[in-house]
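Reader: I have not seen this structure before. Could you take me through it?
Author: Certainly; please have the sequence and the coordinates open.

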Amino acid sequence: MTIDAIDKKILRLLQEDAHLTLKDISNKINLSLTPVHDRVKRLEKEGIIEKYVSILNKKKLGMHLTVYCQVTLVKQTHDVSEGFNASILNMPEVVECNFVSGNFDYLLKVVLPDMDSYHHFHQQKLSVLPEVSLINSFFSIAAVKTTTVLPIK
């Protein structure tokens with residue numbers, strides 16, 4: 001799978017605005033419509049472009065609290081991890097979950113309306129999982145940078 005400079009230009013444009021039409025892209029990179037279409041389809045087929053999404057304003061939707069949770073499991077075994085993973089996939093409040101190295105096992109990003117909602121999530125959903133041993137929570141005061149744009153060189 002080779003990505004050349006033109007593919008990178010297309011990817012940069014689509015990361016900034018997924019609503020760009022193929023015609024818009026072709027005008028911006030000075031390439032005719034058919035090659036742009038073929039390149040975008042190839043990038044999609046190869047899985048470089050996974051999907052197109054809309055980024056929503058959390059605060060305008062009443063989601064005023066972002067919490068990062070460090071989760072330590074009871075044991076670091078495959079079965080315990082798989083059980084935890086399956087549970088997390090069914091929690092819409094968790095917008096990101098990463099298995100990490102270090103002093104804890106998982107780092108979660110949780111988005112909720114308020115502290116009461118987080119308290120309920122913590123007590124009724126996360127801490128009751130049999131795989132969970134310890135949870136450390138960190139509350140975001142302000143987002144300095146939030147992006148989905150990858151640094152394509």
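Reader: Before we begin, what does contact mean here?
Author: Contact means heavy atoms within 4.5 Å. Please also keep in mind that this is a predicted model.

Reader: Then let us try it out. Which residues is Lys8 in contact with, leaving aside its neighbours within four places in sequence?
Author: Lys8 is in contact with Ile3, Ile152 and Lys153, once neighbours within four places in sequence are left aside.

Reader: How far apart are Lys8 and Ile152, in sequence and in space?
Author: In sequence Lys8 and Ile152 are 144 residues apart, and in space 6.7 Å, C-alpha to C-alpha.

Reader: And where is the place of Lys8?
Author: Lys8 has its place in helix α1. With 26% relative accessibility, Lys8 counts as partly exposed.

Reader: What about Leu11, buried or exposed?
Author: Leu11, which is also found in helix α1, is buried, with a relative accessible area of 10%. Leaving aside neighbours within four places in sequence, Leu11 is in contact with Ile3, Leu43, Ile48, Ile49 and Ile152. By contrast with those contacts, the C-alpha atoms of Leu11 and Ser140 are separated by 30 Å, and the two residues are 129 residues apart along the chain.

Reader: Now the helices. How does one describe two packed helices?
Author: One gives the angle between their axes and the distance between the axes.

Reader: At what angle do helix α1 and helix α3 pack?
Author: Helix α1 (residues 5-16) and helix α3 (residues 33-45) pack at about 75°, and their axes are 11 Å apart. The angle makes α1 roughly perpendicular to α3.

Reader: Which residues make the contact?
Author: From α1 the contact takes Ile6, Asp7, Ile10, Leu11 and Leu14, and from α3 it takes Arg39, Val40, Arg42 and Leu43. Of the residues in the contact of α1 with α3, six are nonpolar, none is polar and three are charged.

Reader: Let us change topic. How many residues has the largest nonpolar core?
Author: The largest nonpolar core has 20 residues, and those with the most contacts inside it are Cys69, Val71, Phe84, Leu108 and Leu126.

Reader: Which elements supply at least two residues of this core?
Author: At least two residues each come from β1 (65-73), α4 (78-89), β3 (106-112), α5 (115-126) and β4 (132-139). Strand β1 gives the most to this core, with five residues.

Reader: What is Leu126 in contact with, apart from neighbours within four places in sequence?
Author: Leu126 is in contact with Cys69, Val71, Phe84, Ile88, Met91, Leu108, Phe121, Val132 and Ile135 when those neighbours are left aside. Apart from the largest core lies another core, of 10 residues, among them Leu11, Leu14, Ile29 and Leu43.

Reader: Where is Gln70 found?
Author: Gln70 is found in strand β1. Its relative accessibility is 19%, so Gln70 counts as buried, as buried means under 20%. Leaving aside neighbours within four places in sequence, Gln70 is in contact with Phe104, Tyr106, Leu107, Leu134, Ile135, Asn136 and Phe138.

Reader: And Val111, what does it touch?
Author: Not counting residues up to four places away in sequence, Val111 touches Lys58, Met63, Leu65, Thr66, Glu93 and Val95. Val111 is found in strand β3 and counts as buried, at 11% relative accessibility.

Reader: How many disulfides are there?
Author: The count comes to zero disulfides. Cys69 is in no disulfide, and the nearest cysteine sulfur, that of Cys97, is 10 Å away.

Reader: Why is there no bond for the sulfur of Cys97?
Author: The closest cysteine sulfur, in Cys69, is 10 Å from that of Cys97, which is too far for a bond, because a disulfide needs the two sulfur atoms within 2.5 Å. As for their surroundings, Cys69 is buried, with a relative accessible area of 0%, whereas Cys97 is partly exposed, at 31%.

Reader: One last residue: what is phi of Asn30?
Author: Phi of Asn30 is near 55°, a positive value in a residue other than glycine. Asn30 has its place in the loop between α2 and α3 and is exposed, with a relative accessible area of 70%.

Conventions:
Residues numbered from 1 in each chain as written. Predicted model: local features only at pLDDT ≥ 70, side-chain atom pairs only at ≥ 80, totals over all residues. Heavy atoms only, no water. Buried < 20%, exposed > 50% of the residue type's maximum accessible area, 1.4 Å probe, protein only. Axes fitted to C-alpha atoms, helices over the stretch in contact; angles between N-to-C directions. Helix = DSSP H or I, 4+ residues; strand = E, 2+ residues; numbered from the N terminus. Parallel < 35°, antiparallel > 145°, perpendicular 65-115°, else oblique. Nonpolar A, V, L, I, M, F, W, Y, C, P; charged D, E, K, R; others polar. Core = buried A, V, L, I, M, F, W, Y, C linked by side-chain atoms within 4.5 Å.
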